[in-house]
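Trainee: Please take a close look at one loop in this model, and then connect it to the core, the contacts and the charged pairs elsewhere in the chain.

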Amino acid sequence: MSEPRIRKLDEDVVNKIAAGEVIQRPANAIKEMLENSLDASSSFIQVSVKAGGLKLIQIQDNGCGIQKDDMPLLCERFTTSKLEKFEDLSNMLTYGFRGEALASITHVAHVLVTTRTADSKCAYKAAYRDGKIVAANPGQAAEARPCAGNHGTLISVEDLFYNMPSRKKALKSPSEEYSRIADVMNKYAIHNAGVAVTLKKHGEAMADLKTTPAATVIDNISTVYGPSVARELLFLSCEDAKLGFKMSGYISNANYSVKKLNFILFINHRLVDSANIRKSLESVYTNYLPKNSHPFIYMSIEITPSSVDVNVHPTKHEVFFLHEDLIIEALQKCLEDKLLGCNSSRTYYTQALLPTHITSASSDIVNSNKKSTVSGDKSQYAYQMVRTDCREMKLDAFLRPSSLEPTQRKSVSDDPANQNSPTEMDTSGCTPAENEGLSAKRPREVDKLQGHASVDHVNMKKRRRHKPVHLTSILYLQQRIKDHQHTELIELFRNYKFVGCVDQTRALVQYSVSEVYSCLFHLSVLSWQTKLYLIDVSRVSKELFYQLLIYDFANFGILKLSTGAPITDLSLMILNNPESGWTEDDGSKETLAKYIEEFLTSKAEMLKDYYSLEINEAGEMLSLPLLLDSYTPNLDNLPRLLLKLATEVSWDAEQECFESFSRELSSFYAVQYDPYLVDSSNNDVSNTQSDQESLQKHKPWRWITEHVIFPAFRTELIPPRQMAEDGSVLQIADLHDLYKVFERC
């Protein structure tokens with residue numbers, strides 16, 4: 001075997017290696033082009049993405065544009081308008097400087113650039129491959145061609161990483177890549193107040209991010225992270241002429257905390273990450289926030305350009321600067337002083353404390369104590385003998401309730417309260433198979449509960465799936481739900497006692513958990529801890545309906561609308577609503593509404609077969625899937641659902657299609673606040689005969705929550721782990737601790 005020789009790499013190999021370092025994923029490409037738009041003094045930037053940026057990235061701005069004579073050099077490596085000699089790096093005030101970004105993109109994608117300067121009579125368009133200008137179409141010259149266009153630049157990047165299959169396979173799913181893109185866009189939108197930034201998925205009318213030129217930093221933070229963050233922010237600033245830096249930003253006060261740190265750092269207006277600054281600032285919050293809680297920090301630091309080295313990372317994700325330790329110390333002191341000054345008033349929130357899981361060993365001890373009584377047993381304290389339910393007349397009722405088998409699934413129609421329903425059918429003369437079929441297809445008249453349309457009739461069904469589903473994508477989604485289950489939350493939802501409704505979207509439940517511990521003479525003591533939990537019915541019901549859509553896939557009953565709902569008219573209703581995000585650039589509303597109708601009508605066969613969602617040839621929706629007996633979603637939200645189904649669902653891939661469709665449909669079915677919803681406990685309801693008849697037909701929302709939604713939580717829901725962290729379940733009281741407080745009084 002001959003010894004290896006040193007050889008010079010081919011220029012194409014060198015360029016592709018360099019491109020792989022600069023453009024690691026779609027978010028890096030968007031970050032580079034976004035910075036170019038900001039360097040061009042743009043006041044409007046719009047980004048459109050398809051398939052997480054792998055199929056298409058479009059970025060349009062209204063900046064200064066590119067001269068026609070410069071277009072042949074635009075995408076060559078190390079060609080830039082921002083740097084002439086190496087010494088200029090010490091006084092760099094722009095984002096870009098190396099001239100590698102666009103060149104790197106052209107080596108891993110197909111790039112089309114359309115640009116127009118302020119003094120140009122028309123725009124010019126050019127295509128680029130491997131850093132060179134090429135012919136846009138066969139038979140044309142490899143040059144920039146005149147065309148119509150707005151002032152500024154439009155860059156289209158198609159088929160990213162088409163020639164790097166290993167890199168493309170290593171990337172996350174399109175939804176994960178899109179979330180990374182959104183994170184970059186959100187941070188730049190916050191920092192660049194005064195620039196209108198828009199981000200949306202290609203072909204969709206509604207934008208996921210939209211800021212206005214008149215918006216402030218606080219306004220943009222509220223748009224991105226919500227008003228709950230914006231109202232808890234404090235303005236922070238400091239300056240040190242000796243160290244040559246000044247800082248300004250917004251930090252959360254001691255009342256705000258989340259499970260994950262939100263840290264946004266700009267140094268000389270460049271988005272970077274500094275582990276030293278991040279850790280030092282977060283350490284200040286340890287004295288103010290609960291354990292494992294984190295703040296929100298947005299900070300913009302301006303340092304003398306000669307003290308900053310920006311050329312230390314291929315993606316410019318990091319920078320080095322002089323006097324780092326002294327600057328960090330000054331930032332810490334400024335943050336500490338600010339938090340001390342706002343500490344006169346604090347708001348405390350309870351954490352989500354979950355019930356303790358009872359082990360099998362503990363159960364054996366409990367059972368042995370039930371069978372035998374030991375004379376030396378420790379007496380129970382008073383707080384352990386408090387009766388917490390007026391219907392439970394014996395102390396035996398406070399013992400551990402019998403657990404339900406995870407596979408035992410019961411419908412609401414099995415409730416004794418529904419046995420005298422007028423829909424009951426005599427099936428005594430039927431065989432077991434016929435009886436089951438009647439139960440699965442039993443018709444029932446259901447009147448209007450809410451919304452504009454009404455439900456004509458419902459084909460009932462058992463919770464047992466009568467048609468097997470063998471689709472790999474559905475089986476995978478079912479298994480993923482099981483893999484992410486939270487054991488303690490399952491125990492809570494299986495064994496809770498319903499207390500009452502706080503409002504339409506929140507309810508209280510009580511849960512008792514036993515704790516077994518040893519004492520003297522090897523005796524075991526059983527202690528019951530009774531706790532009160534606040535349940536976010538809206539969030540939990542959304543997860544419930546998603547799981548029902550996955551587990552009962554292609555086996556739904558039918559909610560038939562009394563009259564067909566015209567999709568075009570409903571689409572126009574939501575497009576006329578400002579929350580749809582419609583702009584004139586999206587086209588006419590009538591055209592979009594017609595497109596939604598034609599698109600959903602083309603999917604009618606699949607929707608009817610899999611989801612019992614029927615659409616006729618006239619473009620009218622005739623039915624919806626029945627997910628829970630005695631429950632009808634708010635039909636006022638039907639226009640929003642149609643828009644979401646046409647724009648938010650990933651129709652290209654099977655698994656992503658079923659998952660995103662089920663998510664959007666579950667949002668529609670989820671319990672939501674409705675000021676017009678009927679409640680018989682409301683004293684304002686009149687006592688006229690018509691109103692009384694209406695109340696007999698329409699179940700009040702409190703009844704629906706207690707007798708429909710929460711029984712479904714008990715038998716159908718598999719709580720995911722994230723539910724323990726997002727505030728869906730909050731412990732707000734513990735009988736043991738309350739007794740200690742009252743005992744002192």
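**A loop residue and its wider setting**

Mentor: Ala-554 is located in the loop that runs between α14 (537-551) and β22 (557-566), where helices (H or I, at least four residues) and strands (E, at least two) are DSSP runs numbered from the N terminus. The model is a predicted one, in which local features need pLDDT of at least 70 and side-chain atom pairs count only at pLDDT 80 or more, while totals for chains, interfaces and linings use all residues. Residues are numbered from 1 along each chain as its sequence is written, and side-chain values use heavy atoms, with hydrogens and water left out.

What draws attention to Ala-554 is its backbone: phi is near 65 degrees, a positive value in a residue other than glycine. Most residues other than glycine have a negative phi. Ala-554 is also buried, at a relative accessible area of 12%, where buried means under 20%, exposed over 50%, and partly exposed in between (1.4 Å probe, protein chains only). A second case is Phe-161, whose phi is likewise positive and near 65 degrees; this residue belongs to the loop between β7 (152-158) and α4 (165-170), and it counts as buried because its relative accessibility is 0%.

From the loop one can step back to α14. The largest nonpolar core has 81 residues, among which Phe-493 and Tyr-611 touch the most other members, and α14 gives the most to this core, with nine residues. Such a core is a set of buried Ala, Val, Leu, Ile, Met, Phe, Trp, Tyr and Cys residues joined through side-chain atoms within 4.5 Å. A second, separate core of 57 residues includes Ile-30, Leu-171, Tyr-178 and Ile-190. Leaving aside residues up to four places away in sequence, Phe-493 touches Ile-535, Val-540, Phe-713, Arg-714, Leu-717, Pro-719, Met-723 and Val-729, a contact being heavy atoms within 4.5 Å.

Following the chain onward leads to helix α15 (residues 567-575), which holds Thr-568. Thr-568 is buried, since its relative accessible area is 18%, and its contacts, again without residues up to four places away in sequence, are Ala-593, Lys-594 and Glu-597. Elsewhere, Ile-277 in helix α8 (residues 275-285) is buried with a relative accessible area of 0%. With the neighbours up to four places away in sequence set aside, Ile-277 touches Phe-263, Leu-265, Ile-301, Phe-321, Ile-328 and Leu-331. The C-alpha atom of Ile-277 is also separated by 8.9 Å from that of Glu-324, a residue 47 places away along the chain.

The charged pairs come next. Side chains of opposite charge can pair when their charged atoms come close. Across the whole structure the search finds 13 salt bridges, each a side-chain nitrogen of Lys or Arg within 4 Å of a carboxyl oxygen of Asp or Glu. One of them joins Asp-536 to Arg-539, with closest N and O atoms 3.7 Å apart, and Arg-539 is partly exposed at 41% relative accessibility. In another, Arg-506 pairs with Asp-503 at a closest N to O distance of 2.9 Å; Arg-506 is partly exposed at 36%, and Asp-503 is partly exposed at 24%. Glu-614 forms a salt bridge with Lys-608, the closest N and O atoms being 3.9 Å apart, where Glu-614 is partly exposed at 27% and Lys-608 is partly exposed at 49%.

The cysteines give a contrasting result. A disulfide is a covalent bond between the sulfur atoms of two cysteines; the rule applied here asks for a pair of cysteine sulfur atoms within 2.5 Å, and by that rule the count is zero. Cys-238 does not qualify because the closest cysteine sulfur, in Cys-334, is 4.2 Å from its own, too far for a bond, although Cys-238 is buried at a relative accessible area of 18%. For Cys-147, the closest cysteine sulfur lies in Cys-122 at 7.2 Å, which is also too far for a bond.

Finally, the surface: Val-13, in helix α1 (residues 11-22), is partly exposed at 36% relative accessibility.
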